[in-house]
Amino acid sequence: MLINLSINGKDVRIDVAKDEFLADTLRAQGFLSVKKACDTSCCGLCTIWIDGKPTLSCSVLSIRADGKKLTTIEGLQQEAAEFAEVLTAEGAEQCGFCSPGFTMTVLAMKSELKNPSDDEIVHYLTGNLCRCTGYMGQLRAVKKYLEVLA
Amino acid sequence: MKFVGQSISKIDGMALVTGKPVYTDDIALKNALVVKLLRSPYAFAKIKSIDTSKAEQLDGVECILTYKDVPQARFTLAGQSYPEPSPYDRLILEDIVRYVGDEVAIIAAVDEKTALKAMKLIKVEYEVFEPVLDFEKAIGHTSVVHPEENLSTNFEIGLQKEKNIVASHRFEVGDVDGELAQCDVIVEETYYTQAQAHAMMETYRTFTYLDHMGRLVAISSTQVPFHIRRQLARALQIPASKIRVIKPRIGGGFGAKQTGGGDVFAALVTLKTGKPAKIIYDRQETFSCTTSRHAMRIKVKMGADKEGLIKALELQVLSDTGAYGEHASTVLGCVGEYTLPLYKAKARRITGHAVYTNKMPGGAFRGYGATQGTFAVESAVNKLAEKLGLDPAAVRLRNIVKAGDTLINYPNHPLGSSTLDQCILKGQELIGWKDKYPVRQVAPNKVRALGMAVTMQGSGIANIDTSTAEIRLNDDGNFTLLIGATDMGTGCDTILTQMAAEVLETSMEQIIVNAADTDISPYDPGSYASSTTYVAGMAVVKAAEDLKQQILAQGARYLEVSAQDAELDGNVVKTLKGDKEISLYQIAELSVLGTGRQQLVGHSTYGNEISPPPFVAGFAEVEVDLETGKAELVDYVAVVDCGTVINPSLARVQTEGGIAQGIGMALYEDVRYDQKGRMQTNSFMQYKIPCRKDIGTVRVFFESSFEPTGPFGAKSIGEVVANTPAPAIAHAVYNAVGVRVQSLPITPEKVFMGMQELARL
Amino acid sequence: MFTLVDLVQPETLEDAYQSLISKRSNTVLGGCAFLKLGSKRIMTGIDLSKLNLNYIREQHGFIEIGAMTTFRDVETSSLLKESFNGILPQAVSQIIGVQFRNVVTVGASVFSKYGFSDLITALLVLDTEVELYHDGRMSLQEFLNQPPKKDILTKVFIKNDQRIASCQSLRNSASDFPILNAAVSQADGRWTIAVGARPLKAELALQASELLSQANVLNDETIEDAAKAASEELTFGTNVRGSAEYRQAMSKVLVQRGITEVLAC
Ligand SMILES: Cc1cc2nc3c(=O)[nH]c(=O)nc-3n(C[C@H](O)[C@H](O)[C@H](O)COP(=O)(O)OP(=O)(O)OC[C@H]3O[C@@H](n4cnc5c(N)ncnc54)[C@H](O)[C@@H]3O)c2cc1C
Ligand code: FES
Ligand code: FES
């Protein structure tokens, strides 16, 4: 089936299988930042934005994205690098496999929540699993990042 | 120091966080064949017949391989130095399947859909046997998991295959029974630690192809490229010289990737078809068809006098190694190796068996037996303290080994460094031991309580594993550091560069680090056994020193002074008098220009006779809901002695991550099977690793010691950090509600039922 | 992973329904998170996303939630946050994560009658009705007791009757399914108690609700009696997350907490 997508601001028309999910479509299109770590919608590594909302790309049928605006970290390189600066200074990217999806959620949170408390930050980011860091360093980095912005 | 001891960001961090394509599947060729595995639905069965004809006819199917198509040399997937202590007990495919998920056929097709379709078309008839599922009934079971004649071991590990015993272990110093007979108090308890899944975010994956020489290249998400090369050579019966293994960025390991995953299957497909192939385990396969932490039963007997002086300590271990013996004997041995030396009891003994069962194999997992042993021993120490009416911290301070003492595993080497006593004191202060121990009511239904545990590990495998490093001065004055250590997110590429930069007095940017590629890297067993900072680090330091001497000598020659009269100062070699200098750039250029020259290369191979232990004191504060039994971790303080801290921020996060895995083991994680041996916890939906909300606060502190044998005084940190949470949290829960949960994990239901039981008494 | 042979995106509910009943394996697609867990081979997937079923609105004294409304919409809706002291946003907010809740849908969750559902338990203590395309409008309770049948859930109606409500759940890991959940509401002295994840689907504890509604005074004792009654009139089962015995004991605890919380409002 042919669908129209806007990926990181660029319009594309692509052919997808009916039961294809966005994470696979995006990887096939070369957006290799999109990682998958489960088949049960549990890990959050595949997080991208659909019309600006953080969404599990592994769980959305590509066809459903027809006409939508998709954003991956490839399209947010500058914002991502700014956050990466803080995250890496904290040492809170270890294997890094979870980092792009995590960063996408952090950037979404930044625009959705104003002055979030620690609890609100943790709540917003809970859907991003990380097996390496134990989350504390990520939290330190997010708080520093928000401070720097403020 | 300019680099060592500094929180330098990881050199690959920016690429990782901004999503650059640097992992195996990002690099694999798009047209690679997709390899899938048909797996056994039975825990123990023989394949009576297998018909692949229909599947082979399917368009897009490249090949289907069964046990009839594989070489007949048994091998082990354990990534260990040769001669591996793990038995050669598996074939790539065999007509006997030994657990639900064991491989039955390899399918290679143009895409995943076709491969899966083909899989459904393979018809297999099985003769089903009675499986061995309960590891406590494995010894002497009527079913024998490995009856085959040609199973072999490289040396004696106590294998008795007809009894389902893979390995046996015994170590004793002093007269345990004699000492126990004279003790004032004895604690005797049985503890169960569950199988735990590594659950690294990137599952196992390998991409294979033949290069321009017809050699097999495997790009593999592995911690042990050199071991994988040897493994492939043996399994596929081709010379190692025909194989190249490359490790790209890896999405986590924790020991999982110290055991081979899909490498052999993809490699076999590439050899048979000549085509590039890739295998990616899905999450279910990763959970149920690879390895986990060995589940264990540990019986502890500990005796002390009235003053709390521990006199005797005995461990009896039963380890469930599952269907294959990867890491069976060594993990078993490490239960004692990293617990018995910690307390200076006169008599200490460990005996134990690792047994085969028809479940997923156990394997290497951060902590490697020490984690299991620590839960048992530390729980017993806490109980002992209570029995004696003594403070558990005081009991430990009384009995732990100190710097200068003799470790039982190294009778000829006094312990070079330890600040464990300070770690304990500092941890007590930070957690608020004085005010909060043991328990406080904080709300009508809530109590908060403290618990503690201490632990040690090693730094590398003494007398076996070595690491080699090479550093070249390149033609334009920068350096290439060649190592075989495998950064899996741990940051070793960064910290090894820090060490090299420190010695060479250059900058991080001047050093190009290359790891790991078996064609290029010098030999290194890989990153496991907490070896990298200590062993590979020492190799790097020595190689850098070697190169530094050469640079000095070369520079001095150009300056026409003797090497003693010259010094390396950043990018120049100058005379001590300061009257002449030559830049590194010039030295580099002159070393490779013209005749009679020699490029400068520093080199070192390093291995040690000892494995100095890092230490951790862990303190947990939990809040227990008195009505539901749910324990929440409120605060965790870990005070770490890893020797010199090479990179504080990386060491901190390493510790936090290890603690989080320990918290998972303590409270949430549990690999479970149904009655037929099918794993029930094969997804993140059913197997819960801690999420962000589960962790509470974890606070990490360092009490640095200086390890005289380590690079800049460093020891290790990778594994030791995983060990304290389970016993410390169990202790805190006991202090909260009086329930001792001796079988992990500590679920609300276990605590609640325990409380009910107490109420009935 | 399920396979879809064909997919339609009907523009009327009638087309969607006809498509649904025309073949046994034809299936309505909600957010697909749950469908994705299975390996069903679906002849025609019926995508409801072109039917404007994504809304939360107030109309004729009812709050209406369209079938394709996501959990995240429920969680962030100011209308729902202000109604029934925010029980619905609270009930769904614990499930996995934001990016997950931007996917899963209300219609699928209610229609599927999942035993573990946090949403259904909360809806049960409100005056909730569902609208099915074929079978029409009925109370949620009636719908839950019906045998499964092919239909399309189009929306959920909740009478905006100013109830005070509370939901409780007990989880081990915060991102796990609940071991048990419960909800309690009160309006004009009428109490309603529901318990879910037993692990069977949520049910009203009618006797306990009655007991509480009839009580002359509400004190620790009467509350405890009601909570106990609820745990005795309902049945509990065992699965990997908990035994029947534990669930029964927890039912009393959660119901008691629910009542107390409602009283505190
Ligand atoms: C990992 C995981 C964890 C979860 N944890 C929790 C939890 O803790 N608590 C909780 O309450 N829930 C939990 N859920 C369930 C989740 O909240 C949703 O209820 C569930 O995923 C269904 O929503 P969906 O939109 O994904 O449905 P889908 O997968 O799209 O559909 C599910 C079923 O409903 C049918 N269907 C969909 N829409 C309609 C409709 N309008 N009319 C008729 N039939 C329809 C489909 O045909 C399908 O049979 C969890 C789900 C997952 C995958
Ligand atoms: S891949 Fe795990 S949630 Fe999408
Ligand atoms: S950094 Fe490895 S999973 Fe998060």
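## Two domains and a ligand

Guide: Domain 1 and domain 2 of chain B bury about 840 Å² between them, 72% of it on carbon and sulfur atoms; buried area is the accessible area (1.4 Å probe) that two parts lose on being put together, summed over both. This is a predicted model, where local features need pLDDT of at least 70, side-chain atom pairs count only at pLDDT 80 or more, and totals for chains, interfaces and linings use all residues. Residues are numbered from 1 along each chain as its sequence is written, chains are lettered from A and ligands numbered from 1 in the order in which they are written, and side-chain values use heavy atoms, with hydrogens and water left out.

Visitor: How many salt bridges are there between domain 1 of chain B and domain 2 of chain B?

Guide: A salt bridge is a side-chain nitrogen of Lys or Arg within 4 Å of a carboxyl oxygen of Asp or Glu. Between domain 1 and domain 2 of chain B, the count is 0.

Visitor: Ligand 1 lies between which chains?

Guide: Let's look around the ligand. Of the 36 residues around ligand 1 (a heavy atom within 4 Å), C:Val28 and C:Gly31 are among those that come nearest. The ligand itself lies between chains A, B and C.

Visitor: What lies 2.9 Å from a nitrogen atom of ligand 1?

Guide: Start with the oxygen side: a backbone N or O atom of C:Cys32 lies 2.6 Å from an oxygen atom of ligand 1. For the nitrogen atom, the partner at 2.9 Å is a backbone N or O atom of C:Leu153.

Methods: Polar contact = N/O pair within 3.5 Å; in protein donor to acceptor, adjacent residues only side chain to side chain.
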